[in-house]
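Thanks for coming. I will put the structure up now and walk through a few parts of it.

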Amino acid sequence: MTVHFFHTSDWHLGQLFFNYSRQYEHEQFLTWLLAQIKQKQPHALFIAGDIFDVINPSAQAQKQLYQFLSDAHQLAPHMQTLIIAGNHDSGYRIEQVEPLLAKYNARTVGVIHKTEDGTIDFEHLIVPIYDTAHHIIAWCVALPFLRSAEITGLNEFTQDSKAAIQHLHDVLIAKARTFKTDEQALIVMSHAHMQGGETSDSERPIIIGNEEALPTTLFGNDIDYVALGHLHKPQKVGQEHIRYSGSPIPLSFSEINYKHQIVDVRIDPTQTDQSRYQYTALPIPRCVELRRIHGELTQVFQQLHALPDGEIDDIDQRTYLDIEYHTNTPPQPNLRQQFEDALPKNRYRLVRISRRYLIDEQQQPSAQNRNLEPPTPEQLFWQLWQKQGYQEDESVSQDFLSLVEQAQQLLENEKVV
(Lines give C-alpha, C1' and ligand atoms only; values in the text may rest on other atoms or scores of the structure.)
Protein backbone atom coordinates (compact mmCIF):
# COMPACT_ATOMS: atom_id res chain seq x y z
CA MET A 1 0.00 0.00 0.00
CA THR A 2 1.50 3.34 -1.06
CA VAL A 3 1.67 5.91 1.73
CA HIS A 4 0.67 9.36 0.50
CA PHE A 5 1.11 12.55 2.53
CA PHE A 6 1.76 16.29 2.25
CA HIS A 7 4.76 17.82 4.05
CA THR A 8 4.44 21.47 5.03
CA SER A 9 5.73 23.65 7.86
CA ASP A 10 6.33 27.12 9.26
CA TRP A 11 2.95 28.64 8.55
CA HIS A 12 3.50 31.40 11.15
CA LEU A 13 -0.20 32.22 11.32
CA GLY A 14 -0.77 35.61 12.89
CA GLN A 15 2.51 37.12 11.72
CA LEU A 16 2.71 40.91 11.60
CA PHE A 17 5.03 42.10 8.84
CA PHE A 18 6.15 45.62 9.76
CA ASN A 19 2.80 45.92 11.59
CA TYR A 20 0.82 44.67 8.61
CA SER A 21 -1.27 41.53 9.10
CA ARG A 22 -0.51 38.57 6.83
CA GLN A 23 -4.04 37.17 7.27
CA TYR A 24 -4.98 37.68 3.62
CA GLU A 25 -1.84 35.91 2.38
CA HIS A 26 -2.33 33.01 4.76
CA GLU A 27 -5.98 32.75 3.75
CA GLN A 28 -4.98 32.47 0.09
CA PHE A 29 -2.43 29.77 0.93
CA LEU A 30 -4.95 27.77 2.97
CA THR A 31 -7.54 28.02 0.20
CA TRP A 32 -4.96 26.72 -2.26
CA LEU A 33 -3.97 23.90 0.14
CA LEU A 34 -7.59 22.86 0.55
CA ALA A 35 -7.86 22.57 -3.23
CA GLN A 36 -4.79 20.29 -3.28
CA ILE A 37 -6.28 18.14 -0.51
CA LYS A 38 -9.59 17.86 -2.33
CA GLN A 39 -7.89 16.88 -5.59
CA LYS A 40 -5.19 14.51 -4.34
CA GLN A 41 -6.79 13.04 -1.17
CA PRO A 42 -3.59 12.26 0.81
CA HIS A 43 -3.60 9.92 3.78
CA ALA A 44 -1.99 12.56 5.99
CA LEU A 45 -0.98 16.20 6.26
CA PHE A 46 2.21 16.86 8.25
CA ILE A 47 2.81 20.35 9.65
CA ALA A 48 6.37 20.38 10.99
CA GLY A 49 6.16 23.17 13.55
CA ASP A 50 5.76 26.95 13.86
CA ILE A 51 2.09 26.73 13.08
CA PHE A 52 1.74 30.13 14.81
CA ASP A 53 4.13 33.08 14.79
CA VAL A 54 4.04 33.68 18.57
CA ILE A 55 3.41 31.50 21.61
CA ASN A 56 0.26 33.48 22.43
CA PRO A 57 -1.44 33.69 19.03
CA SER A 58 -4.37 35.99 18.43
CA ALA A 59 -7.91 34.65 18.39
CA GLN A 60 -7.96 35.45 14.67
CA ALA A 61 -4.88 33.27 14.01
CA GLN A 62 -6.33 30.38 16.02
CA LYS A 63 -9.67 30.66 14.23
CA GLN A 64 -7.83 30.53 10.90
CA LEU A 65 -6.22 27.21 11.86
CA TYR A 66 -9.36 25.60 13.25
CA GLN A 67 -11.47 26.70 10.29
CA PHE A 68 -8.89 25.17 7.96
CA LEU A 69 -8.92 21.87 9.88
CA SER A 70 -12.71 21.79 9.75
CA ASP A 71 -12.76 22.49 6.00
CA ALA A 72 -10.00 19.94 5.32
CA HIS A 73 -11.87 17.27 7.26
CA GLN A 74 -14.99 17.86 5.18
CA LEU A 75 -13.00 17.52 1.94
CA ALA A 76 -10.99 14.43 3.04
CA PRO A 77 -12.54 12.81 6.15
CA HIS A 78 -9.98 10.00 6.14
CA MET A 79 -6.96 12.37 6.12
CA GLN A 80 -5.01 12.69 9.36
CA THR A 81 -3.43 16.01 10.22
CA LEU A 82 -0.37 15.76 12.46
CA ILE A 83 1.08 18.96 13.92
CA ILE A 84 4.23 19.33 16.01
CA ALA A 85 5.21 22.42 17.99
CA GLY A 86 8.04 24.61 16.73
CA ASN A 87 10.18 27.07 18.65
CA HIS A 88 7.59 29.81 17.95
CA ASP A 89 4.75 27.71 19.37
CA SER A 90 3.59 26.93 22.87
CA GLY A 91 3.56 23.14 22.93
CA TYR A 92 1.20 23.08 25.89
CA ARG A 93 -1.22 25.48 24.23
CA ILE A 94 -1.55 23.50 21.01
CA GLU A 95 -2.05 20.26 22.95
CA GLN A 96 -4.82 21.76 25.11
CA VAL A 97 -7.28 21.67 22.22
CA GLU A 98 -6.83 17.94 21.52
CA PRO A 99 -10.57 17.16 22.09
CA LEU A 100 -11.48 19.74 19.44
CA LEU A 101 -8.79 18.55 17.01
CA ALA A 102 -9.88 14.93 17.36
CA LYS A 103 -13.19 15.87 15.71
CA TYR A 104 -11.20 16.88 12.63
CA ASN A 105 -9.00 13.75 12.65
CA ALA A 106 -6.10 15.96 13.75
CA ARG A 107 -3.49 15.53 16.45
CA THR A 108 -0.78 17.68 17.99
CA VAL A 109 2.51 16.72 19.61
CA GLY A 110 3.62 19.78 21.50
CA VAL A 111 5.81 18.65 24.38
CA ILE A 112 7.74 15.69 25.69
CA HIS A 113 5.56 13.88 28.24
CA LYS A 114 6.84 11.73 31.09
CA THR A 115 5.42 8.61 32.66
CA GLU A 116 4.77 8.16 36.37
CA ASP A 117 8.29 6.86 36.95
CA GLY A 118 9.81 10.00 35.37
CA THR A 119 10.88 8.48 32.06
CA ILE A 120 9.87 9.81 28.64
CA ASP A 121 6.51 8.68 27.31
CA PHE A 122 7.84 7.42 23.99
CA GLU A 123 4.55 6.09 22.67
CA HIS A 124 3.07 9.60 22.79
CA LEU A 125 5.67 10.55 20.17
CA ILE A 126 5.10 7.62 17.78
CA VAL A 127 1.93 8.10 15.74
CA PRO A 128 0.30 5.51 13.43
CA ILE A 129 -0.83 6.65 9.98
CA TYR A 130 -3.89 4.93 8.51
CA ASP A 131 -5.30 4.32 5.05
CA THR A 132 -8.94 4.79 4.07
CA ALA A 133 -9.76 1.29 5.40
CA HIS A 134 -8.15 2.23 8.74
CA HIS A 135 -5.20 -0.09 8.29
CA ILE A 136 -1.84 1.16 9.61
CA ILE A 137 0.39 1.97 6.63
CA ALA A 138 3.11 4.00 8.34
CA TRP A 139 4.52 5.10 11.68
CA CYS A 140 5.62 8.68 12.29
CA VAL A 141 8.12 9.62 15.00
CA ALA A 142 6.88 13.13 15.88
CA LEU A 143 9.53 15.31 17.56
CA PRO A 144 8.49 18.83 18.53
CA PHE A 145 11.08 21.51 19.21
CA LEU A 146 13.25 19.97 21.93
CA ARG A 147 13.77 22.19 24.96
CA SER A 148 16.64 21.25 27.22
CA ALA A 149 14.58 21.28 30.43
CA GLU A 150 12.24 18.63 29.03
CA ILE A 151 14.85 16.07 27.98
CA THR A 152 17.92 16.40 30.21
CA GLY A 153 18.65 14.72 33.53
CA LEU A 154 16.32 11.74 33.02
CA ASN A 155 19.05 9.10 33.18
CA GLU A 156 22.78 8.59 32.62
CA PHE A 157 22.29 9.09 28.86
CA THR A 158 20.68 12.54 29.15
CA GLN A 159 23.15 14.58 31.20
CA ASP A 160 23.34 17.36 28.61
CA SER A 161 21.23 18.49 25.66
CA LYS A 162 23.43 16.99 22.95
CA ALA A 163 23.50 13.57 24.61
CA ALA A 164 19.77 13.75 25.38
CA ILE A 165 18.88 14.51 21.77
CA GLN A 166 20.98 11.59 20.54
CA HIS A 167 19.44 9.27 23.14
CA LEU A 168 15.91 10.43 22.36
CA HIS A 169 16.32 9.78 18.64
CA ASP A 170 17.99 6.40 19.21
CA VAL A 171 15.30 5.13 21.56
CA LEU A 172 12.34 6.54 19.63
CA ILE A 173 13.44 5.20 16.26
CA ALA A 174 14.32 1.83 17.77
CA LYS A 175 10.87 1.71 19.40
CA ALA A 176 9.15 2.61 16.14
CA ARG A 177 11.02 -0.18 14.37
CA THR A 178 9.42 -2.70 16.73
CA PHE A 179 5.96 -1.42 15.71
CA LYS A 180 6.33 -1.41 11.93
CA THR A 181 6.07 -4.29 9.50
CA ASP A 182 7.73 -4.66 6.11
CA GLU A 183 4.60 -3.26 4.45
CA GLN A 184 4.65 -0.08 6.54
CA ALA A 185 6.75 3.07 6.10
CA LEU A 186 8.83 4.75 8.81
CA ILE A 187 8.77 8.56 8.92
CA VAL A 188 10.32 11.14 11.22
CA MET A 189 8.92 14.67 11.61
CA SER A 190 11.11 17.14 13.48
CA HIS A 191 11.45 20.88 14.09
CA ALA A 192 15.18 21.50 14.19
CA HIS A 193 18.13 23.16 12.47
CA MET A 194 20.12 20.48 10.67
CA GLN A 195 23.73 20.82 9.62
CA GLY A 196 23.99 21.99 6.03
CA GLY A 197 20.65 23.80 6.04
CA GLU A 198 20.49 27.27 4.45
CA THR A 199 18.92 29.94 6.65
CA SER A 200 17.27 33.33 6.15
CA ASP A 201 17.20 36.37 8.45
CA SER A 202 13.63 35.68 9.63
CA GLU A 203 14.39 32.44 11.46
CA ARG A 204 14.79 32.69 15.21
CA PRO A 205 18.07 30.97 16.15
CA ILE A 206 17.77 27.61 17.90
CA ILE A 207 20.62 26.93 20.29
CA ILE A 208 20.67 23.41 21.71
CA GLY A 209 23.53 22.22 23.86
CA ASN A 210 25.72 25.11 22.63
CA GLU A 211 25.50 23.71 19.11
CA GLU A 212 23.34 25.42 16.53
CA ALA A 213 22.83 22.58 14.06
CA LEU A 214 22.11 18.87 14.47
CA PRO A 215 23.68 16.11 12.35
CA THR A 216 21.59 14.05 9.94
CA THR A 217 23.24 10.94 11.39
CA LEU A 218 20.49 11.12 14.03
CA PHE A 219 18.31 9.39 11.43
CA GLY A 220 18.94 5.77 10.53
CA ASN A 221 19.27 4.51 6.97
CA ASP A 222 15.92 2.73 7.22
CA ILE A 223 13.95 5.96 7.67
CA ASP A 224 11.80 6.44 4.58
CA TYR A 225 11.33 10.20 4.95
CA VAL A 226 12.36 13.00 7.33
CA ALA A 227 9.89 15.92 7.32
CA LEU A 228 11.70 18.94 8.74
CA GLY A 229 10.52 22.33 9.91
CA HIS A 230 12.26 25.56 11.03
CA LEU A 231 14.19 26.67 7.94
CA HIS A 232 12.04 28.64 5.53
CA LYS A 233 13.81 27.74 2.31
CA PRO A 234 12.64 24.48 0.66
CA GLN A 235 15.71 22.25 0.53
CA LYS A 236 17.15 18.78 0.81
CA VAL A 237 19.71 18.19 3.55
CA GLY A 238 22.35 15.71 2.47
CA GLN A 239 19.95 13.15 1.05
CA GLU A 240 16.81 13.13 -1.09
CA HIS A 241 14.54 11.94 1.70
CA ILE A 242 15.64 14.48 4.34
CA ARG A 243 13.85 17.73 3.50
CA TYR A 244 12.60 21.08 4.64
CA SER A 245 9.33 21.95 2.94
CA GLY A 246 9.89 25.62 3.75
CA SER A 247 7.35 28.29 4.68
CA PRO A 248 4.28 28.91 2.49
CA ILE A 249 4.89 32.66 2.17
CA PRO A 250 8.05 34.81 2.34
CA LEU A 251 8.45 35.86 5.96
CA SER A 252 11.19 38.44 5.31
CA PHE A 253 12.68 40.32 2.39
CA SER A 254 15.59 37.86 2.34
CA GLU A 255 13.10 35.20 1.19
CA ILE A 256 11.90 37.03 -1.93
CA ASN A 257 13.46 34.48 -4.29
CA TYR A 258 12.39 31.35 -2.40
CA LYS A 259 10.27 28.92 -4.39
CA HIS A 260 7.65 28.32 -1.71
CA GLN A 261 6.05 24.89 -1.88
CA ILE A 262 4.69 21.88 -0.10
CA VAL A 263 6.10 18.42 -0.77
CA ASP A 264 3.78 15.69 -2.06
CA VAL A 265 5.36 12.44 -0.85
CA ARG A 266 4.47 8.90 -1.89
CA ILE A 267 6.22 5.85 -0.45
CA ASP A 268 5.68 2.25 -1.51
CA PRO A 269 7.26 0.10 1.26
CA THR A 270 7.01 -3.03 -0.90
CA GLN A 271 9.61 -1.66 -3.32
CA THR A 272 13.34 -1.83 -2.58
CA ASP A 273 14.75 0.38 -5.36
CA GLN A 274 14.28 4.05 -6.23
CA SER A 275 10.70 3.38 -7.30
CA ARG A 276 9.96 3.15 -3.56
CA TYR A 277 9.90 6.95 -3.31
CA GLN A 278 8.21 9.74 -5.25
CA TYR A 279 8.63 13.39 -4.26
CA THR A 280 6.72 16.16 -6.02
CA ALA A 281 7.10 19.85 -5.18
CA LEU A 282 3.75 21.64 -5.41
CA PRO A 283 4.52 25.37 -5.95
CA ILE A 284 2.44 27.75 -3.84
CA PRO A 285 1.13 30.76 -5.78
CA ARG A 286 2.31 34.08 -4.35
CA CYS A 287 -0.58 36.48 -3.93
CA VAL A 288 1.33 39.52 -2.58
CA GLU A 289 4.72 40.59 -3.89
CA LEU A 290 7.76 41.84 -1.99
CA ARG A 291 10.18 44.24 -3.70
CA ARG A 292 13.58 45.62 -2.74
CA ILE A 293 15.07 48.77 -4.22
CA HIS A 294 18.64 49.87 -3.50
CA GLY A 295 21.24 52.26 -4.86
CA GLU A 296 22.24 55.91 -4.63
CA LEU A 297 19.37 58.35 -4.22
CA THR A 298 19.14 59.24 -7.90
CA GLN A 299 19.03 55.53 -8.78
CA VAL A 300 16.39 54.86 -6.12
CA PHE A 301 14.12 57.58 -7.50
CA GLN A 302 14.60 56.29 -11.05
CA GLN A 303 13.56 52.81 -9.91
CA LEU A 304 10.56 54.18 -8.01
CA HIS A 305 9.31 56.07 -11.06
CA ALA A 306 9.75 52.92 -13.19
CA LEU A 307 7.61 50.69 -10.94
CA PRO A 308 4.40 49.23 -12.42
CA ASP A 309 1.38 51.38 -11.62
CA GLY A 310 -2.33 50.71 -11.31
CA GLU A 311 -4.22 51.06 -8.05
CA ILE A 312 -4.97 48.10 -5.80
CA ASP A 313 -8.05 48.84 -3.70
CA ASP A 314 -7.42 46.30 -0.94
CA ILE A 315 -4.40 47.40 1.10
CA ASP A 316 -3.75 43.77 2.12
CA GLN A 317 -2.95 42.98 -1.51
CA ARG A 318 -0.52 45.82 -2.12
CA THR A 319 3.18 45.09 -2.67
CA TYR A 320 5.58 45.40 0.28
CA LEU A 321 8.49 47.71 -0.55
CA ASP A 322 11.93 47.93 1.06
CA ILE A 323 14.28 50.81 0.14
CA GLU A 324 18.00 50.91 0.92
CA TYR A 325 19.69 54.10 -0.27
CA HIS A 326 23.45 54.66 -0.39
CA THR A 327 24.90 58.00 0.64
CA ASN A 328 27.59 59.73 2.66
CA THR A 329 25.42 62.69 3.65
CA PRO A 330 22.75 62.93 6.38
CA PRO A 331 19.20 62.24 5.16
CA GLN A 332 16.86 65.06 4.28
CA PRO A 333 14.09 65.55 6.87
CA ASN A 334 11.31 64.86 4.36
CA LEU A 335 13.00 61.97 2.49
CA ARG A 336 10.31 59.45 3.33
CA GLN A 337 7.64 61.76 1.94
CA GLN A 338 9.70 62.18 -1.25
CA PHE A 339 9.81 58.40 -1.63
CA GLU A 340 6.07 58.15 -1.03
CA ASP A 341 5.36 60.88 -3.59
CA ALA A 342 7.48 59.07 -6.20
CA LEU A 343 5.52 55.85 -5.80
CA PRO A 344 2.48 55.02 -7.96
CA LYS A 345 -0.56 55.77 -5.83
CA ASN A 346 -2.31 53.04 -3.83
CA ARG A 347 -0.22 50.14 -5.05
CA TYR A 348 2.70 49.80 -2.63
CA ARG A 349 3.33 49.65 1.10
CA LEU A 350 6.65 51.29 1.93
CA VAL A 351 7.53 49.30 5.05
CA ARG A 352 11.24 49.95 5.50
CA ILE A 353 13.82 52.60 4.63
CA SER A 354 17.47 52.07 5.50
CA ARG A 355 20.67 53.93 4.73
CA ARG A 356 24.08 52.52 3.84
CA TYR A 357 27.13 54.72 3.94
CA LEU A 358 29.39 54.93 0.91
CA ILE A 359 32.90 54.76 2.32
CA ASP A 360 35.82 55.86 0.20
CA GLU A 361 38.60 53.30 0.57
CA GLN A 362 41.14 56.15 0.80
CA GLN A 363 39.22 57.53 3.79
CA GLN A 364 39.13 54.23 5.68
CA PRO A 365 41.47 54.20 8.70
CA SER A 366 44.56 52.08 8.38
CA ALA A 367 45.10 49.12 10.68
CA GLN A 368 47.59 51.22 12.65
CA ASN A 369 45.18 54.11 13.18
CA ARG A 370 42.02 52.03 13.69
CA ASN A 371 40.41 52.49 17.10
CA LEU A 372 40.12 49.07 18.74
CA GLU A 373 38.38 50.35 21.86
CA PRO A 374 34.89 48.87 22.32
CA PRO A 375 32.13 51.38 21.50
CA THR A 376 30.18 53.00 24.31
CA PRO A 377 26.41 52.37 24.60
CA GLU A 378 25.80 55.88 23.26
CA GLN A 379 28.02 55.26 20.21
CA LEU A 380 26.24 51.99 19.49
CA PHE A 381 22.86 53.67 19.82
CA TRP A 382 23.72 56.43 17.34
CA GLN A 383 25.20 53.97 14.87
CA LEU A 384 21.91 52.06 14.82
CA TRP A 385 19.87 55.29 14.85
CA GLN A 386 21.68 56.67 11.80
CA LYS A 387 21.60 53.31 10.01
CA GLN A 388 17.81 53.56 10.10
CA GLY A 389 18.04 56.89 8.31
CA TYR A 390 17.35 59.19 11.28
CA GLN A 391 19.24 62.35 12.18
CA GLU A 392 20.78 63.10 15.55
CA ASP A 393 18.38 64.83 17.92
CA GLU A 394 19.31 66.42 21.25
CA SER A 395 16.05 65.36 22.97
CA VAL A 396 16.52 61.76 21.84
CA SER A 397 20.10 61.85 23.13
CA GLN A 398 18.96 63.08 26.53
CA ASP A 399 16.27 60.38 26.74
CA PHE A 400 18.76 57.66 25.87
CA LEU A 401 21.34 58.86 28.40
CA SER A 402 18.63 58.94 31.04
CA LEU A 403 17.78 55.30 30.30
CA VAL A 404 21.46 54.32 30.47
CA GLU A 405 21.76 56.06 33.84
CA GLN A 406 18.69 54.20 35.15
CA ALA A 407 20.10 50.87 33.96
CA GLN A 408 23.45 51.55 35.62
CA GLN A 409 21.67 52.46 38.86
CA LEU A 410 19.71 49.20 38.78
CA LEU A 411 22.94 47.25 38.30
CA GLU A 412 24.53 49.06 41.22
CA ASN A 413 21.50 48.30 43.42
CA GLU A 414 21.73 44.61 42.52
CA LYS A 415 25.39 44.57 43.53
CA VAL A 416 24.52 46.08 46.90
CA VAL A 417 21.81 43.47 47.50
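Let me begin with a single residue: is His88 buried or exposed? The model is predicted, and in it His88 has a relative accessible area of 6%. The cut-off for buried is under 20%, so His88 counts as buried. You will find His88 in the loop between strand E5, residues 80-84, and helix H3, residues 91-96. Its side chain reaches the backbone oxygen of Asp53, at 2.7 Å.

Now a second loop residue, Ser9. Ser9 sits between strand E1, residues 3-8, and strand E2, residues 16-17. Its relative accessibility is 0%, so Ser9 is buried. The side chain of Ser9 makes a polar contact of 3.2 Å with the side chain of Ser245. What else is Ser9 in contact with, leaving aside its neighbours within four places in sequence? Besides Ser245, the list consists of Ile47, Ala48, Gly49, Leu228, Gly229, Gly246, Ser247 and Pro248.

Two of those contacts, Leu228 and Gly229, take us to strand E10, which spans residues 225-229. Five of the five residues of E10 are buried. On one side are Tyr225, Ala227 and Gly229, and on the other are Val226 and Leu228, so both faces are covered, as all of these are buried.

Which strands pair with E10? One is E9, residues 185-191, which pairs with E10 in the parallel sense over five bridges. Within that pairing, Ile187 has Tyr225 as its bridge partner, and Met189 stands opposite Ala227. Another is E12, residues 239-244, which runs parallel to E10 and is joined to it by three bridges. There, Val226 stands opposite Ile242.

Staying with E9, seven of its seven residues are buried, so this strand is largely enclosed by the rest of the structure. Ala185, Ile187, Met189 and His191 point one way, while Leu186, Val188 and Ser190 point the other way. E9 is also joined to E8 by six bridges, and these two strands run parallel. In that pair, Trp139 stands opposite Leu186.

Next, the nonpolar cores. In soluble globular proteins, nonpolar side chains tend to be buried together. Here the largest nonpolar core has 52 residues, and Phe5, Phe46, Leu168 and Phe219 are those with the most contacts inside it. Strand E8, residues 136-143, gives the most to this core, with seven residues. Apart from it lies another core, of 30 residues, including Phe68, Ile94, Leu101 and Ile284.

Phe5 is worth pointing to on the screen. Leaving aside its neighbours within four places in sequence, Phe5 is in contact with Pro42, Ala44, Phe46, Ile187, Tyr225, Val263, Asp264, Val265 and Ile267. Among these are Ile187 and Tyr225, the bridge partners mentioned for E9 and E10.

Last, a helix. Which residues of H8, residues 335-342, are buried? They include Leu335, Phe339 and Ala342. These three cover an arc of only 65° around the axis, which puts them on the same side of H8. What do the buried residues of H8 pack against? They pack against helix H7, residues 297-305, and against two strands, E16 at 319-327 and E17 at 348-357.

That is the end of the tour.

Technical notes. Residues numbered from 1 in each chain as written. Predicted model: local features only at pLDDT ≥ 70, side-chain atom pairs only at ≥ 80, totals over all residues. Heavy atoms only, no water. Core = buried A, V, L, I, M, F, W, Y, C linked by side-chain atoms within 4.5 Å. Buried < 20%, exposed > 50% of the residue type's maximum accessible area, 1.4 Å probe, protein only. Helix = DSSP H or I, 4+ residues; strand = E, 2+ residues; numbered from the N terminus. Contact = heavy atoms within 4.5 Å. Arc of directions from axis to C-beta. Polar contact = N/O pair within 3.5 Å; in protein donor to acceptor, adjacent residues only side chain to side chain. Pairing = 2+ DSSP bridges.
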